[in-house]
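Biologist: I am new to this structure and would like a close look at a single part of it, followed outwards with care. Please explain each term as you come to it.

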Amino acid sequence: VPARAQTETNSDYHADEDEEIVVTGAIQISRKDVLSGVAVLAGQDLAESVRPSLGETLAGTPGVSASSFGPSSSRPVLRGLQGDRVRILSNGLGALDASNTSVDHAPAINPLLAQRIEVLRGPQALQYGSAAIGGVVNVIDRRIPNSVPDEPIHFSAMGGYGSAADERSIAASADLALGGGWAFHVDGSWLKSNDLRIPGYALTPALRNEALATSLLPDDDHEGEGDHDHLHEEIDYIANAAVRDRLPNSAARTWTLSAGLAYIDEGGSIGFSYSRLDNRYGVPIRFATLPDQGQHAPIIQVKQDRFDLRAEVNLGEGFLNKLSFRYAYADYRHDELDDGAVESTFFNEGMEGRLELVQNERSGWSGASGVQFVIRDFDVISDEPYLPGNSTEQLGVFTVQQLQKGPLRLEAGLRYERTRQKSSPLAGLTQFYTGTRDYDAFSGSLGAAFDVAPGWKVGLNLSQAERAPSAEELFASGPHHGT
């Protein structure tokens, strides 16, 4: 049954690839039965690949690349898509951060403590929202215990060193059997890295020549109208051309701490957890080479407090096998500092929940249906805001059905989503739209696969997705948006 499959997979990192269970999704199935691209990173492979950011951790996974905005802030890129087109999940629920608003915003997820990372592309992503047309990246950990340890205490730790940035990291976790079906989990991690080593100069020969030519201009010509010029009255173009061996302002420091408690028995389980993330990292400098270009070295300080709840009820041998509920609430903020002064502050307070009903398999037919809701309040405080304060309320209903008849496997999915977005800019910010917009979106998918020979399968997927624009797309550019 799915609950047993998940427990066995989570405890066995070295399962054969063909038998590995994909636990992301309302229906847990074998990886070989998935009709679209799925990548699973776990165990030794994950330990060898882990990096300070999620994007860098997955950059070596087939079909996945990373956004290039510094080693500490990269996000996964799937099918050439990123931002709102790729959903970043923590144990099946959204990251509840601000990483989708800009490529230099790191996801509030620490891969050091991940037990496994699953990347899904295609119809499976439909269960997590119509916006995830690129795919889904789900980071799975044990913050809420899903089994009681066999021994009184189970302890694990991992340390690492990376020479490219003098990166030092350590992560440790402990699981305690408290008796009577109760289990307690605690974990923490710490990472620090210096500026990244680079081979040679930071700028190309053409840009170095451009910077040197600018340095020969009269001083009056150096005062341009580029962005952030008010922060740097004098730019040393000769020094910019000479930067080499290290990438300035790319250092990082991160620590996390979390604890969870769960009760588990044959009838189901219930548990909750709390986690704290503190991340401080630099965004590599965009070196000015022309008089009208600005130059700044931002430092981003991220803090997030997150609470998670999970409950499962085993329903027996009838039509329904299991009822599952997951909920997360997070209070997120990050400050963007330049020369030690706070230039912008991003706030994101949000919650997300999922209720899933999983069917028992009957004559090769299995499936699951569910309801998902997302509520988010977002705001940016800045001298030059590019987003107004806004809120998002979203409700989605979905079903996924599968039928296995001999060598033929059929899949179908359907999702309806209702989204309401409200823009509430502060007084005086007339460049932003003020008001509310509602959207209805219908999405569906069909798939078929046929076993033509042992170990060989042919398949076809058809998907049609509608999605509401994100608040960032809807409200960012001015009063013409929202029409």
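Modeller: Let us start at N91, which sits in the loop between β6 and β7 (93-94); strands here are DSSP runs of E with at least two residues, helices are runs of H or I with at least four, and both are numbered from the N terminus. The model is a predicted one, in which local features need pLDDT of at least 70 and side-chain atom pairs count only at pLDDT 80 or more, while totals for chains, interfaces and linings use all residues. Residues are numbered from 1 along each chain as its sequence is written, and side-chain values use heavy atoms, with hydrogens and water left out.

Although N91 is not a glycine, its phi is positive, at about 55°. Its relative accessibility of 23% makes N91 partly exposed, a class that lies between buried (under 20% relative accessible area) and exposed (over 50%), with a 1.4 Å probe and protein chains only. A positive phi, of about 65°, is also found at N249, again not a glycine, and this residue lies in the loop between β14 (244-247) and β15 (252-265). N249 is buried, because its relative accessible area is 16%.

From N91 we can turn to β6 (86-90), which supplies at least two residues of the lining of the largest cavity, as do β19 (341-359), β20 (365-382), β21 (390-405), β22 (408-423) and α6 (471-475). A cavity is a set of points, on a 1 Å grid over the protein atoms alone, where a 1.4 Å probe fits but cannot get out, and its lining residues have an atom within 4 Å of a point. Grid points are joined across faces, edges and corners, and a volume is the space filled by probe spheres set on the points. Four cavities of 30 Å³ or more are present in the structure, and the largest holds about 620 Å³ of space. Its lining is made of 32 residues, with D84, R87, N100, V374 and R376 nearest the centre. By kind, the lining divides into 10 nonpolar, 13 polar and nine charged residues, where Ala, Val, Leu, Ile, Met, Phe, Trp, Tyr, Cys and Pro count as nonpolar, Asp, Glu, Lys and Arg as charged, and the others, Gly among them, as polar.

Since α6 takes part in that lining, the loop that leads to it deserves a look as well. A468 lies there, between β24 (456-464) and α6, and it is buried, with a relative accessible area of 11%. Leaving aside neighbours within four places in sequence, A468 is in contact with S130, T419 and Y439, contact meaning heavy atoms within 4.5 Å. A468 and E20 are 448 residues apart in sequence and 34 Å apart in space, C-alpha to C-alpha, whereas A468 and L216 are 252 residues apart in sequence and 51 Å apart in space, again C-alpha to C-alpha.

L216 takes us to another part of the chain, the loop between α4 (205-215) and α5 (237-242), where its 73% relative accessibility makes it exposed. The buried residues of α4 are R208, A211 and T214. Seen down the axis of α4, these fall within an arc of 125°, so they line one face of the helix; the arc is that of the directions from the helix axis to the C-beta atoms. An α-helix has 3.6 residues a turn, so residues three or four places apart point the same way. The buried residues of α4 pack against β13 and α5, while the face turned away from them carries the exposed residues P205, A206 and N209.

Strand β13 (residues 196-201) leads on to the salt bridges. A salt bridge is a side-chain nitrogen of Lys or Arg within 4 Å of a carboxyl oxygen of Asp or Glu, and 20 of them are found in the whole structure. One joins R197 to D166, with the closest N and O atoms 3.4 Å apart. This pair links distant parts of the chain, with R197 in β13 and D166, 31 residues away, in the loop between β10 (153-162) and β11 (167-179). R197 is partly exposed, at 41% relative accessible area, but D166 is buried, at 14%. Back in the region of β22, another salt bridge pairs E411 with R409 at 3.6 Å between the closest N and O atoms, and both residues are buried. Salt bridges that share partners also join R418, R420, D438 and D440 into one network.

Notes:
1 Å grid on protein atoms, 1.4 Å probe; cavity = no way out; pocket = protein on both sides within 12 Å on 5 of 7 lines; lining within 4 Å.
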